[in-house]
Amino acid sequence: MTRTELAAILARPELSDADIVALLGLTDPEDCRMLKEAAFNRTTELMGPYVYYRGLIELSNICTANCRYCGIRKANHAVERYTMTQEEIVEQAVWAARQGYGSVCLQAGERHDEKFIEFICACLREIHVKTKSPLLPNGVGVTLSLGDQPESVYRRWAEACGNPESLRYLARFETSNPELFQMLHSTPGRNEKNLEHRLECLRSLRRAGYQVGTGVMIGIPGQTLEDLCRDIRMFQEIDVDMIGMGPYLRSEGNDLEALGQMEPKALLQLALNMIAVTRLVLGPVNIAAATALQAIRDDGREMGIEYGCNVVMPNLSPQRFRKGYQLYDNKPCLDDEPTQCASCLEKRIQSRGREVGWNMSGSSRRYLRRIGRPNEVKPAKDYTPDGRRLIRLRAI
Ligand code: SAM
Ligand code: SF4
């Protein structure tokens with residue numbers, strides 16, 4: 001493709017499947033730069049200059065499922081299992097709120113037992129009460145990422161959260177290719193996954209009032225550019241509010257090690273292209289820069305921001321638990337404490353031309369449009385407890 005042809009594709013209001021596949025496959029540095037610039041500008045135009053924080057709390061690595069790609073799958077007996085206490089979880093959420101993070105994400109392996117369901121309810125209730133402040137009158141926003149659950153459970157958690165305006169759920173469908181999905185999830189045991197069921201979970205999350213987030217892994221062995229194009233079409237079909245996707249990375253503890261992974265440089269570029277094209281096709285959705293980008297390259301998440309991401313998920317899990325949450329090899333920030341992660345991140349974000357949306361829960365504009373509310377962004381003359389910033393912003 002010539003540069004003139006590429007410029008013509010990037011200028012189109014709607015991309016065809018052939019355009020999408022062509023953009024995903026770009027490798028020439030100048031071509032990739034053009035794609036990056038188009039996606040960054042579209043993000044600024046649709047989403048504004050802010051990158052929102054979701055403080056990530058990896059509350060437990062106990063899982064009843066056996067997804068073959070995942071380092072904490074049930075059959076990996078080398079992992080020492082943990083569950084944070086309610087006190088530890090709430091403490092991290094309160095810390096995040098005080099730092100000006102507008103929202104947190106509670107993530108864990110998948111469990112369906114009543115004890116776990118009620119435990120999450122109790123954490124949500126306490127987080128809501130303890131994170132209310134003049135800057136966050138409804139408490140911190142919450143994203144849950146706790147796997148496939150019945151709609152009744154999604155509803156219980158939604159009720160317990162107490163902040164329906166900023167309630168989100170992230171459940172990646174991983175790949176829209178049913179054969180690939182089957183290859184990734186066909187494992188012995190009772191909790192084998194099924195693509196249609198995952199999609200039904202996303203529909204029930206919408207019915208239960210959540211902002212719906214999903215995503216895929218990029219560079220799965222056997223995955224093609226056409227598969228990734230269909231993934232983007234599926235994001236459109238589901239009408240998602242937010243997307244979290246990142247490169248597939250091998251892991252010593254997974255069951256796909258023998259299949260290897262893409263060469264890191266090519267994998268990173270493919271993941272960045274996927275982010276950019278998703279931004280161009282999907283428009284005003286939130287797109288998270290996955291930690292897995294940082295596992296390939298130190299500034300991988302910042303590159304994600306340049307290619308169209310507007311959300312990052314700083315890891316708040318206490319350091320002693322991090323070794324237990326190794327989804328893939330070389331997961332970053334293993335030795336950092338949350339405070340270190342937070343302070344270096346703002347500078348990194350600013351270095352790429354964005355500002356942190358302090359105290360903003362950061363709902364996607366697609367969601368705000370769906371519920372018929374404009375995005376309110378009001379300057380609030382407040383001081384942080386540590387005096388780090390004089391002016392912060394308040395928004396829904
Ligand atoms: N258990 C919940 C679920 O599966 O939705 C949430 C936690 S799960 C660890 C979160 C995501 O980690 C998965 O959706 C998957 O895409 C990602 N993940 C797991 N193993 C991975 C790997 N080897 N490389 C990249 N991403 C991986
Ligand atoms: Fe469990 Fe999620 Fe890992 Fe699957 S991806 S094994 S559900 S933690």
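**Helix α8, a helix pair and three loop residues**

Let me start with helix α8. Its buried residues are L195, R198, L199, C201, L202, S204 and L205. Keep in mind that this is a predicted model.

What do those buried residues pack against? The partners of the buried α8 residues are three helices and two strands: α6 (151-161), α7 (178-185) and α9 (225-238), plus β4 (167-170) and β5 (211-214).

Next, a check on the length of α8. The helix runs over residues 195-207, which is 13 residues. At 1.5 Å a residue, the expected span is 18 Å. The end C-alpha atoms are 19 Å apart, so the two values agree.

Now the helix pair. Two packed helices are described by the angle between their axes and the distance between the axes. Here the pair is α1 (residues 3-11) and α3 (residues 29-47). Their axes come within 11 Å and cross at roughly 20°. Because angles under 35 degrees count as roughly parallel, α1 is roughly parallel to α3. The crossing of α1 past α3 is right-handed.

Which residues make that contact? From α1, R3, L6, A7 and L10 take part. On the α3 side, they meet E30, D31, M34, L35, A38 and R42. By class, the contact of α1 with α3 has six nonpolar residues, four charged and no polar.

On to backbone angles. Most residues other than glycine have a negative phi. Two residues to look at here are E174 and D239. E174 has a positive phi, near 70°. E174 sits in the loop between β4 and α7. Is E174 buried or exposed? With a relative accessible area of 9%, E174 falls under the 20% cut-off, so E174 is buried.

D239 also has a positive phi, near 60°. Its place is the loop between α9 and β7 (242-247). The relative accessible area of D239 is 27%, so D239 is partly exposed.

Last, E252. This residue lies in the loop between β7 and α10 (264-282). Its relative accessible area is 63%. That is over the 50% cut-off, so E252 is exposed.

What does E252 touch, leaving aside residues up to four places away in sequence? The contacts of E252 are E257 and D329. Then there is Y328. E252 and Y328 are 76 residues apart in sequence. In space, C-alpha to C-alpha, E252 and Y328 are 7.4 Å apart.

That's it from me. Questions, please.

Terms used
Residues are numbered from 1 along each chain as its sequence is written. Chains are lettered from A and ligands numbered from 1 in the order in which they are written. This is a predicted model: local features need pLDDT of at least 70, side-chain atom pairs count only at pLDDT 80 or more; totals for chains, interfaces and linings use all residues. Side-chain values use heavy atoms; hydrogens and water are left out. Axes are lines fitted to C-alpha atoms, for helices over the stretch in contact, and angles run from 0 to 180 degrees between N-to-C directions. Helices (H or I, at least four residues) and strands (E, at least two) are DSSP runs, numbered from the N terminus. Angles under 35 degrees count as roughly parallel, over 145 as roughly antiparallel, 65 to 115 as roughly perpendicular and the rest as oblique. A crossing is left-handed if the near helix is turned anticlockwise from the far one by less than a right angle, and right-handed if clockwise. Contact means heavy atoms within 4.5 Å. Ala, Val, Leu, Ile, Met, Phe, Trp, Tyr, Cys and Pro count as nonpolar, Asp, Glu, Lys and Arg as charged, and the others, Gly among them, as polar. The expected span of a helix is 1.5 Å times one less than its number of residues. Buried means under 20% relative accessible area, exposed over 50%, partly exposed in between (1.4 Å probe, protein chains only).
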